[in-house]
Amino acid sequence: MAEFVGPRLYSCCKCGNHVSLHDDIISKAFQGRHGRAFLFSHAMNIVVGPKEDRHLLTGVHTVADISCADCRELLGWKYERAYEASQKYKEGKYIFEKLKIVKENW
């Protein structure tokens, strides 16, 4: 009989704190500060920093940096507001940089 395997998770690359579920990935086709990034619908065990307007590839967005709640490693950002109608789907979503997260339970 096969062993029960828990949900596939993503964890902080520095301390291993669980930060999101694989099932919450919306897209793997995003660009972060340091390369490839993933867009997630939910995040956990993170700290959300202050909001700021940032010029990104798809225009100006109000974003807040997100860090690991345990070790404070900068992991990506949260989209707080999109000014372009075509970008509204990003509001309330999270970007995790691929280099900053690791797979767990795969």
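**Warm-up.** The UniProt annotation "domain: Yippee", from an unreviewed entry, covers residues 8–105; such annotations may be inferred rather than shown by experiment. You're looking at a predicted model, where local features need pLDDT of at least 70, side-chain atom pairs count only at pLDDT 80 or more, and totals for chains, interfaces and linings use all residues. Residues are numbered from 1 along each chain as its sequence is written, and side-chain values use heavy atoms, leaving out hydrogens and water.

**Exercise 1.** Find how much of residues 8–105 is helix and how much is strand.

*Solution.* Start with the rules: helices (H or I, at least four residues) and strands (E, at least two) are DSSP runs, numbered from the N terminus. Over residues 8–105 you get 0% helix and 61% strand. Now check the ends: their C-alpha atoms are 5 Å apart.

**Exercise 2.** Work out which strands pair with β8, and whether the faces of β8 are covered or not.

*Solution.* Two strands pair if DSSP finds at least two bridges between them.
- Step one: β4 (residues 35–40) runs antiparallel to β8, joined by four bridges. Here Leu39 stands opposite Ile95.
- Step two: β7 also pairs with β8 in the antiparallel sense, over three bridges. Lys78 has Tyr94 of β8 as its bridge partner.
- Step three: look at both faces of β8 (residues 94–97). Tyr94 and Phe96 on one side, and Ile95 and Glu97 on the other, are all buried (under 20% relative accessible area, with a 1.4 Å probe and protein chains only). Both faces are covered.

**Exercise 3.** Explain why Cys12 and Cys71 don't form a disulfide.

*Solution.* Take the cut-off: a disulfide is a pair of cysteine sulfur atoms within 2.5 Å. The sulfur of Cys12 has its closest cysteine sulfur in Cys71, 3.6 Å away, so that's too far for a bond. Cys71 is in no disulfide either, and the structure holds zero of them. As for burial, Cys12 is buried at a relative accessible area of 1%. Cys71, at 24%, counts as partly exposed (between 20% and 50%).

**Exercise 4.** Sort the residues in the lining of the largest pocket into nonpolar, polar and charged.

*Solution.* Ala, Val, Leu, Ile, Met, Phe, Trp, Tyr, Cys and Pro count as nonpolar, Asp, Glu, Lys and Arg as charged, and the others, Gly among them, as polar. The lining includes Phe30, Gln31, Arg54 and Trp77. Sorting the whole lining gives six nonpolar, three polar and three charged residues. β3 gives the most, with four residues.

Terms used: On a 1 Å grid over the protein atoms alone, a cavity is a set of points where a 1.4 Å probe fits but cannot get out, and a pocket is an open set with protein on both sides within 12 Å along at least five of seven lines; lining residues have an atom within 4 Å of a point.
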